[in-house]
Amino acid sequence: MSYDLILRNCRLLRSPDVTETADVALSGKKIAAIAPRIEAPGETEYDVGGNLVSPPFVESHIHLDSALTAGEPRPNESGTLFEGISIWEERKKSLTVEDVKKRAIATLKLQAQQGILFVRTHADVSESNLIALRGLLEVREAVKDWMTLQVVAFPQDGIYSRPENELLLEKAIEMGADVVGGIPHYEFTREDGVKSVHRTFELAEKYDRLIDIHCDEIDDEQSRFLEVVVACAVRSGLGARVTASHTTAFASYPNAYALKLMGLLGRSRINFIANPLINITLQGRTDTYPKRRGITRVKELWKNGSNVSFGHDCIRDPWYGLGTGNMLDVAHMAVHVCQMTGLSEIDACYDMVTGNGAKTLSVENDYGIEVGKTANLIVLNVGNRYEAIRMRSPVRQVFSRGKLLAETKPVQSIFYDG
Ligand code: FE2
(Lines give C-alpha, C1' and ligand atoms only; values in the text may rest on other atoms or scores of the structure.)
Protein backbone atom coordinates (compact mmCIF):
# COMPACT_ATOMS: atom_id res chain seq x y z
CA MET A 1 0.00 0.00 0.00
CA SER A 2 1.01 3.61 -0.39
CA TYR A 3 -0.21 7.00 0.74
CA ASP A 4 -0.78 10.12 -1.33
CA LEU A 5 1.57 12.17 0.76
CA ILE A 6 3.87 11.62 3.73
CA LEU A 7 5.46 14.23 5.96
CA ARG A 8 8.44 12.63 7.67
CA ASN A 9 10.28 13.59 10.82
CA CYS A 10 7.63 15.97 12.12
CA ARG A 11 7.74 17.56 15.56
CA LEU A 12 4.05 17.09 15.92
CA LEU A 13 1.78 19.33 17.95
CA ARG A 14 -1.19 17.04 18.40
CA SER A 15 -2.88 18.54 21.39
CA PRO A 16 -1.85 21.69 23.21
CA ASP A 17 0.53 19.90 25.55
CA VAL A 18 1.74 16.87 23.63
CA THR A 19 4.57 17.02 21.13
CA GLU A 20 6.24 14.00 19.62
CA THR A 21 8.38 13.14 16.61
CA ALA A 22 6.42 11.19 14.01
CA ASP A 23 5.57 10.67 10.36
CA VAL A 24 2.16 11.75 9.11
CA ALA A 25 0.50 10.16 6.08
CA LEU A 26 -2.30 11.78 4.10
CA SER A 27 -4.75 10.02 1.79
CA GLY A 28 -7.21 12.09 -0.17
CA LYS A 29 -8.41 14.87 2.10
CA LYS A 30 -7.78 12.97 5.34
CA ILE A 31 -5.00 12.19 7.76
CA ALA A 32 -4.56 8.44 7.23
CA ALA A 33 -1.77 7.46 9.63
CA ILE A 34 0.51 8.83 12.31
CA ALA A 35 3.40 6.71 13.58
CA PRO A 36 7.02 7.09 14.71
CA ARG A 37 8.06 5.55 11.35
CA ILE A 38 5.62 4.83 8.51
CA GLU A 39 7.11 2.03 6.37
CA ALA A 40 4.76 2.35 3.37
CA PRO A 41 5.84 4.92 0.78
CA GLY A 42 4.02 8.09 -0.18
CA GLU A 43 3.52 9.22 -3.75
CA THR A 44 4.97 12.51 -2.55
CA GLU A 45 7.17 12.74 0.52
CA TYR A 46 8.63 15.67 2.44
CA ASP A 47 11.21 15.42 5.21
CA VAL A 48 10.39 18.35 7.46
CA GLY A 49 13.59 17.91 9.44
CA GLY A 50 12.18 17.88 12.96
CA ASN A 51 10.34 21.17 12.51
CA LEU A 52 7.03 21.86 14.19
CA VAL A 53 3.98 20.52 12.38
CA SER A 54 0.93 22.19 13.83
CA PRO A 55 -2.78 22.46 13.19
CA PRO A 56 -3.36 25.61 11.10
CA PHE A 57 -3.79 29.07 12.51
CA VAL A 58 -7.32 30.27 13.19
CA GLU A 59 -8.20 33.91 12.56
CA SER A 60 -11.16 34.29 14.87
CA HIS A 61 -11.86 38.01 14.35
CA ILE A 62 -11.29 40.00 11.17
CA HIS A 63 -13.24 42.49 9.08
CA LEU A 64 -12.65 41.39 5.49
CA ASP A 65 -15.20 43.84 4.09
CA SER A 66 -13.02 46.81 5.08
CA ALA A 67 -9.62 45.14 4.62
CA LEU A 68 -7.14 46.86 2.27
CA THR A 69 -9.04 50.18 2.21
CA ALA A 70 -6.68 52.24 4.41
CA GLY A 71 -6.54 55.84 3.20
CA GLU A 72 -9.85 55.64 1.30
CA PRO A 73 -11.19 58.27 1.23
CA ARG A 74 -8.76 59.63 3.86
CA PRO A 75 -6.38 58.32 6.50
CA ASN A 76 -7.41 58.07 10.16
CA GLU A 77 -5.38 60.90 11.63
CA SER A 78 -6.62 60.68 15.22
CA GLY A 79 -6.16 56.90 15.28
CA THR A 80 -9.38 56.47 17.23
CA LEU A 81 -12.11 53.87 16.88
CA PHE A 82 -14.70 56.57 16.30
CA GLU A 83 -12.82 58.36 13.49
CA GLY A 84 -12.40 54.90 11.95
CA ILE A 85 -16.16 54.32 12.06
CA SER A 86 -16.88 57.68 10.41
CA ILE A 87 -14.27 57.08 7.65
CA TRP A 88 -15.79 53.65 7.01
CA GLU A 89 -19.24 55.26 6.79
CA GLU A 90 -17.88 57.37 3.90
CA ARG A 91 -16.02 54.51 2.23
CA LYS A 92 -18.92 52.11 2.36
CA LYS A 93 -21.03 54.42 0.17
CA SER A 94 -18.88 53.26 -2.77
CA LEU A 95 -18.89 49.54 -1.90
CA THR A 96 -19.75 47.05 -4.61
CA VAL A 97 -19.98 43.28 -4.34
CA GLU A 98 -17.00 42.97 -6.71
CA ASP A 99 -14.95 45.42 -4.65
CA VAL A 100 -15.66 43.43 -1.45
CA LYS A 101 -14.91 40.09 -3.10
CA LYS A 102 -11.67 41.23 -4.67
CA ARG A 103 -10.23 42.60 -1.43
CA ALA A 104 -11.54 39.74 0.71
CA ILE A 105 -10.08 37.03 -1.52
CA ALA A 106 -6.74 38.87 -1.74
CA THR A 107 -6.70 39.03 2.07
CA LEU A 108 -7.66 35.36 2.48
CA LYS A 109 -4.80 34.34 0.17
CA LEU A 110 -2.44 36.46 2.24
CA GLN A 111 -3.72 34.71 5.36
CA ALA A 112 -3.57 31.22 3.87
CA GLN A 113 0.03 31.76 2.78
CA GLN A 114 0.79 32.39 6.43
CA GLY A 115 -0.91 29.22 7.65
CA ILE A 116 -4.46 30.38 8.39
CA LEU A 117 -7.14 27.94 7.21
CA PHE A 118 -10.08 29.03 9.41
CA VAL A 119 -11.38 32.60 9.42
CA ARG A 120 -14.32 34.30 11.09
CA THR A 121 -15.08 37.60 9.37
CA HIS A 122 -17.56 40.26 10.34
CA ALA A 123 -19.73 41.74 7.60
CA ASP A 124 -21.16 45.20 8.18
CA VAL A 125 -24.93 44.84 7.81
CA SER A 126 -25.79 48.47 8.61
CA GLU A 127 -26.22 49.53 4.99
CA SER A 128 -29.43 49.09 3.09
CA ASN A 129 -28.23 46.88 0.23
CA LEU A 130 -26.22 44.46 2.40
CA ILE A 131 -23.39 44.63 -0.13
CA ALA A 132 -20.65 43.61 2.30
CA LEU A 133 -22.67 40.58 3.36
CA ARG A 134 -23.52 39.55 -0.20
CA GLY A 135 -19.88 39.84 -1.19
CA LEU A 136 -18.60 37.83 1.77
CA LEU A 137 -21.22 35.09 1.36
CA GLU A 138 -20.05 34.69 -2.24
CA VAL A 139 -16.46 34.62 -1.05
CA ARG A 140 -17.32 31.91 1.53
CA GLU A 141 -18.50 29.75 -1.34
CA ALA A 142 -15.62 30.65 -3.66
CA VAL A 143 -12.88 29.68 -1.18
CA LYS A 144 -14.51 26.68 0.48
CA ASP A 145 -12.16 24.16 -1.14
CA TRP A 146 -9.15 25.62 0.68
CA MET A 147 -10.44 27.89 3.47
CA THR A 148 -13.23 27.62 6.04
CA LEU A 149 -14.88 31.04 6.29
CA GLN A 150 -17.55 32.04 8.79
CA VAL A 151 -19.50 35.25 8.29
CA VAL A 152 -20.89 37.31 11.17
CA ALA A 153 -23.85 39.62 10.54
CA PHE A 154 -22.36 42.64 12.28
CA PRO A 155 -24.57 45.70 12.88
CA GLN A 156 -21.66 48.17 12.84
CA ASP A 157 -23.83 51.25 13.42
CA GLY A 158 -25.98 49.64 16.13
CA ILE A 159 -29.22 47.68 15.96
CA TYR A 160 -31.35 50.57 17.19
CA SER A 161 -29.56 53.64 15.79
CA ARG A 162 -31.80 53.60 12.69
CA PRO A 163 -35.26 52.03 12.35
CA GLU A 164 -34.21 49.73 9.47
CA ASN A 165 -31.11 48.28 11.15
CA GLU A 166 -32.93 45.64 13.16
CA LEU A 167 -34.62 44.32 10.01
CA LEU A 168 -31.35 44.39 8.08
CA LEU A 169 -29.71 42.25 10.76
CA GLU A 170 -32.47 39.65 10.56
CA LYS A 171 -32.40 39.71 6.76
CA ALA A 172 -28.64 39.09 6.83
CA ILE A 173 -29.18 36.00 8.97
CA GLU A 174 -31.91 34.76 6.65
CA MET A 175 -29.50 35.22 3.74
CA GLY A 176 -27.05 32.84 5.37
CA ALA A 177 -24.78 34.56 7.87
CA ASP A 178 -23.31 31.94 10.22
CA VAL A 179 -23.12 34.14 13.30
CA VAL A 180 -25.22 36.95 14.84
CA GLY A 181 -23.31 40.04 15.97
CA GLY A 182 -23.96 43.12 18.07
CA ILE A 183 -22.29 46.29 19.30
CA PRO A 184 -24.09 47.27 22.52
CA HIS A 185 -21.58 49.91 23.69
CA TYR A 186 -22.17 51.85 20.45
CA GLU A 187 -25.97 51.99 20.79
CA PHE A 188 -27.37 55.40 21.77
CA THR A 189 -28.17 54.50 25.36
CA ARG A 190 -27.40 51.89 28.00
CA GLU A 191 -31.02 50.67 27.62
CA ASP A 192 -30.65 50.27 23.86
CA GLY A 193 -27.40 48.38 24.45
CA VAL A 194 -29.04 45.91 26.82
CA LYS A 195 -31.98 45.51 24.44
CA SER A 196 -29.56 44.85 21.56
CA VAL A 197 -27.87 41.99 23.43
CA HIS A 198 -31.26 40.39 24.11
CA ARG A 199 -32.18 40.81 20.43
CA THR A 200 -28.92 39.15 19.34
CA PHE A 201 -29.71 36.13 21.52
CA GLU A 202 -33.31 35.95 20.29
CA LEU A 203 -32.17 35.90 16.68
CA ALA A 204 -29.47 33.31 17.36
CA GLU A 205 -32.01 31.02 19.00
CA LYS A 206 -34.62 31.58 16.30
CA TYR A 207 -32.20 30.80 13.45
CA ASP A 208 -29.87 28.39 15.29
CA ARG A 209 -26.76 30.52 14.85
CA LEU A 210 -23.61 31.24 16.83
CA ILE A 211 -23.18 34.62 18.57
CA ASP A 212 -20.20 36.98 18.44
CA ILE A 213 -20.74 40.40 19.96
CA HIS A 214 -18.36 43.36 19.78
CA CYS A 215 -18.68 43.93 23.51
CA ASP A 216 -17.44 46.90 25.54
CA GLU A 217 -14.79 47.94 23.00
CA ILE A 218 -14.16 51.15 24.88
CA ASP A 219 -12.09 52.31 27.87
CA ASP A 220 -15.22 53.38 29.75
CA GLU A 221 -15.38 51.38 32.97
CA GLN A 222 -19.13 52.02 33.01
CA SER A 223 -19.55 50.01 29.80
CA ARG A 224 -20.86 46.79 31.33
CA PHE A 225 -22.54 44.82 28.60
CA LEU A 226 -20.37 41.77 29.21
CA GLU A 227 -22.45 40.99 32.29
CA VAL A 228 -25.58 41.10 30.11
CA VAL A 229 -23.99 38.75 27.54
CA VAL A 230 -22.90 36.36 30.28
CA ALA A 231 -26.32 36.40 31.96
CA CYS A 232 -28.04 35.70 28.61
CA ALA A 233 -25.55 32.88 27.89
CA VAL A 234 -26.24 31.26 31.28
CA ARG A 235 -30.02 31.62 31.06
CA SER A 236 -30.31 30.50 27.44
CA GLY A 237 -27.86 27.62 27.90
CA LEU A 238 -26.07 28.74 24.71
CA GLY A 239 -22.76 28.84 26.60
CA ALA A 240 -19.89 27.90 24.28
CA ARG A 241 -21.85 29.06 21.22
CA VAL A 242 -21.41 32.63 22.48
CA THR A 243 -18.36 34.87 22.05
CA ALA A 244 -17.56 38.27 23.51
CA SER A 245 -15.08 40.10 21.30
CA HIS A 246 -12.74 42.83 22.55
CA THR A 247 -14.21 43.44 26.08
CA THR A 248 -11.51 46.10 26.51
CA ALA A 249 -13.49 47.86 29.26
CA PHE A 250 -12.90 44.74 31.38
CA ALA A 251 -9.36 46.06 31.83
CA SER A 252 -10.74 49.25 33.36
CA TYR A 253 -13.27 47.68 35.73
CA PRO A 254 -12.47 47.91 39.43
CA ASN A 255 -11.11 44.60 40.73
CA ALA A 256 -14.08 44.03 43.06
CA TYR A 257 -16.47 44.07 40.10
CA ALA A 258 -14.09 42.14 37.81
CA LEU A 259 -13.86 39.38 40.42
CA LYS A 260 -17.63 39.07 40.62
CA LEU A 261 -17.72 38.81 36.84
CA MET A 262 -15.01 36.13 36.80
CA GLY A 263 -17.19 33.98 39.05
CA LEU A 264 -20.14 34.30 36.69
CA LEU A 265 -17.92 33.55 33.68
CA GLY A 266 -17.05 30.17 35.14
CA ARG A 267 -20.73 29.23 34.81
CA SER A 268 -21.28 30.63 31.31
CA ARG A 269 -18.50 28.93 29.24
CA ILE A 270 -18.53 31.81 26.75
CA ASN A 271 -15.50 32.44 24.53
CA PHE A 272 -13.41 35.59 24.50
CA ILE A 273 -11.57 37.14 21.59
CA ALA A 274 -8.93 39.77 22.21
CA ASN A 275 -7.35 41.71 19.35
CA PRO A 276 -3.98 42.76 20.78
CA LEU A 277 -2.70 44.78 17.81
CA ILE A 278 -5.86 46.85 17.59
CA ASN A 279 -6.67 47.08 21.28
CA ILE A 280 -3.24 48.49 22.17
CA THR A 281 -3.59 50.93 19.27
CA LEU A 282 -7.17 52.17 19.56
CA GLN A 283 -7.72 52.14 23.32
CA GLY A 284 -6.15 54.51 25.82
CA ARG A 285 -6.41 57.36 23.31
CA THR A 286 -8.11 59.68 25.79
CA ASP A 287 -5.60 58.94 28.55
CA THR A 288 -2.64 61.15 29.30
CA TYR A 289 -0.39 59.28 31.75
CA PRO A 290 -0.58 56.67 33.10
CA LYS A 291 -1.90 55.38 29.77
CA ARG A 292 -3.93 52.16 29.75
CA ARG A 293 -3.00 49.20 27.55
CA GLY A 294 -6.65 48.73 26.69
CA ILE A 295 -6.64 44.97 26.33
CA THR A 296 -9.01 42.68 28.20
CA ARG A 297 -7.78 40.55 31.12
CA VAL A 298 -6.39 37.80 28.92
CA LYS A 299 -4.09 36.21 31.47
CA GLU A 300 -6.73 36.18 34.20
CA LEU A 301 -9.42 34.83 31.86
CA TRP A 302 -7.05 32.07 30.72
CA LYS A 303 -6.20 31.19 34.33
CA ASN A 304 -9.91 31.26 35.16
CA GLY A 305 -10.51 28.55 32.54
CA SER A 306 -12.21 30.66 29.88
CA ASN A 307 -11.53 29.90 26.23
CA VAL A 308 -9.62 32.89 24.85
CA SER A 309 -8.48 33.35 21.28
CA PHE A 310 -6.83 36.21 19.39
CA GLY A 311 -7.74 38.02 16.21
CA HIS A 312 -6.01 40.42 13.87
CA ASP A 313 -9.26 42.47 13.58
CA CYS A 314 -7.99 44.81 10.87
CA ILE A 315 -5.60 44.65 7.94
CA ARG A 316 -4.94 48.04 6.34
CA ASP A 317 -8.36 49.52 7.00
CA PRO A 318 -9.79 52.76 8.48
CA TRP A 319 -8.99 51.59 12.01
CA TYR A 320 -5.48 50.26 11.47
CA GLY A 321 -3.22 51.12 8.56
CA LEU A 322 -0.83 48.28 9.29
CA GLY A 323 -1.34 44.53 9.50
CA THR A 324 0.14 41.58 7.66
CA GLY A 325 -2.38 38.85 8.43
CA ASN A 326 0.29 36.94 10.33
CA MET A 327 -1.17 35.33 13.48
CA LEU A 328 2.28 35.06 15.03
CA ASP A 329 2.51 38.88 14.95
CA VAL A 330 -0.75 38.89 16.92
CA ALA A 331 0.46 36.30 19.44
CA HIS A 332 3.80 38.14 19.76
CA MET A 333 2.03 41.38 20.64
CA ALA A 334 -0.19 39.50 23.11
CA VAL A 335 2.84 38.06 24.90
CA HIS A 336 4.04 41.62 25.46
CA VAL A 337 0.89 43.58 26.13
CA CYS A 338 -0.68 40.88 28.34
CA GLN A 339 2.67 40.26 30.06
CA MET A 340 2.49 36.55 29.28
CA THR A 341 6.22 35.97 29.04
CA GLY A 342 6.42 32.76 31.11
CA LEU A 343 7.09 29.67 29.01
CA SER A 344 3.64 28.15 29.63
CA GLU A 345 2.11 31.57 28.98
CA ILE A 346 3.90 31.89 25.63
CA ASP A 347 2.69 28.40 24.71
CA ALA A 348 -0.82 29.48 25.72
CA CYS A 349 -0.60 32.48 23.38
CA TYR A 350 0.22 30.06 20.54
CA ASP A 351 -2.84 28.01 21.48
CA MET A 352 -4.91 31.21 21.34
CA VAL A 353 -4.18 31.53 17.60
CA THR A 354 -4.76 27.81 16.92
CA GLY A 355 -6.91 25.38 18.95
CA ASN A 356 -8.68 27.97 21.11
CA GLY A 357 -9.77 29.77 17.95
CA ALA A 358 -11.12 26.48 16.59
CA LYS A 359 -13.25 26.14 19.74
CA THR A 360 -14.55 29.68 19.36
CA LEU A 361 -15.58 28.92 15.78
CA SER A 362 -17.12 25.60 16.93
CA VAL A 363 -15.02 23.70 14.39
CA GLU A 364 -12.92 21.74 16.91
CA ASN A 365 -14.41 18.35 16.01
CA ASP A 366 -12.60 18.33 12.67
CA TYR A 367 -9.57 20.35 13.76
CA GLY A 368 -6.22 18.98 14.90
CA ILE A 369 -3.71 16.39 13.80
CA GLU A 370 -5.51 13.09 14.37
CA VAL A 371 -6.13 10.10 12.13
CA GLY A 372 -9.47 10.47 10.35
CA LYS A 373 -9.59 14.24 10.56
CA THR A 374 -9.35 16.51 7.53
CA ALA A 375 -5.69 17.00 6.63
CA ASN A 376 -5.21 20.67 7.47
CA LEU A 377 -1.74 21.28 8.85
CA ILE A 378 1.19 23.64 8.65
CA VAL A 379 4.97 23.20 8.81
CA LEU A 380 6.88 25.90 10.65
CA ASN A 381 10.56 26.74 10.49
CA VAL A 382 11.23 26.03 14.18
CA GLY A 383 10.74 23.15 16.61
CA ASN A 384 8.25 24.46 19.18
CA ARG A 385 5.61 27.03 20.03
CA TYR A 386 7.92 29.29 22.00
CA GLU A 387 10.36 29.58 19.08
CA ALA A 388 7.46 30.04 16.67
CA ILE A 389 6.40 33.19 18.53
CA ARG A 390 9.90 34.41 19.38
CA MET A 391 11.04 34.20 15.77
CA ARG A 392 7.61 34.86 14.23
CA SER A 393 8.55 31.82 12.20
CA PRO A 394 7.68 31.66 8.53
CA VAL A 395 5.22 28.90 7.68
CA ARG A 396 7.18 26.77 5.25
CA GLN A 397 4.27 24.72 3.99
CA VAL A 398 0.51 24.89 4.29
CA PHE A 399 -1.53 21.75 3.60
CA SER A 400 -5.25 22.26 3.13
CA ARG A 401 -7.67 19.37 2.63
CA GLY A 402 -4.70 17.05 2.01
CA LYS A 403 -3.04 19.21 -0.64
CA LEU A 404 -0.08 21.56 -0.59
CA LEU A 405 -1.71 25.00 -0.76
CA ALA A 406 1.20 27.38 -0.17
CA GLU A 407 4.92 27.40 0.43
CA THR A 408 7.26 30.03 1.83
CA LYS A 409 11.02 29.86 1.48
CA PRO A 410 12.54 31.31 4.64
CA VAL A 411 14.84 34.27 4.05
CA GLN A 412 18.53 33.49 4.52
CA SER A 413 20.93 36.09 5.88
CA ILE A 414 24.65 35.68 5.51
CA PHE A 415 27.18 37.25 7.83
CA TYR A 416 30.58 37.86 6.22
CA ASP A 417 33.08 37.87 9.03
CA GLY A 418 35.60 40.75 8.76
FE1 FE2 B 1 -13.86 43.99 15.24
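Me: What makes Cys314 count as buried in this predicted model?
Reply: Its relative accessibility is 2%. Buried means under 20%. Cys314 therefore counts as buried.

Me: How do you know that Cys314 is in no disulfide?
Reply: Look at the nearest cysteine sulfur, that of Cys338. It is 17 Å away. A disulfide needs two cysteine sulfur atoms within 2.5 Å. Cys314 is in no disulfide.

Me: Why is Cys232 called buried?
Reply: Cys232 has 9% relative accessibility. The cut-off for buried is under 20%. So Cys232 counts as buried.

Me: What rules out a bond between Cys232 and Cys215?
Reply: Distance. The sulfur of Cys215 is the closest cysteine sulfur to that of Cys232, yet it is 10 Å away. The limit is 2.5 Å, so this is too far for a bond. The structure holds zero disulfides.

Me: How do you know which residues are the protein donors of the iron ion?
Reply: Donor atoms must be N, O or S within 2.8 Å of this metal. His61 (NE2), His63 (NE2), His214 (NE2) and Asp313 (OD) lie 2.2 to 2.5 Å from the iron ion. They are its protein donors.

Me: Why is the arrangement of the four donor atoms called irregular?
Reply: The angles run from 84 to 175 degrees. Tetrahedral would need all angles between 85 and 135 degrees. The arrangement is therefore irregular.

Me: What makes His214 and Asp313 a pair that ties together distant parts of the sequence?
Reply: His214 lies in strand E10, and Asp313 in the loop between strand E13 and helix H10. The parts they tie together are 99 residues apart in sequence. Both His214 and Asp313 are buried.

Note on methods. Residues are numbered from 1 along each chain as its sequence is written. This is a predicted model: local features need pLDDT of at least 70, side-chain atom pairs count only at pLDDT 80 or more; totals for chains, interfaces and linings use all residues. Side-chain values use heavy atoms; hydrogens and water are left out. Donors are N, O and S atoms within 2.8 Å of the metal (3.2 Å for Na, K and Ca); water is not among the atoms, so sites may look incomplete. Four donors count as tetrahedral if all angles lie between 85 and 135 degrees; four count as square planar and six as octahedral if opposite donors are over 155 degrees apart and all others between 65 and 115; anything else is irregular. Helices (H or I, at least four residues) and strands (E, at least two) are DSSP runs, numbered from the N terminus. Buried means under 20% relative accessible area, exposed over 50%, partly exposed in between (1.4 Å probe, protein chains only).
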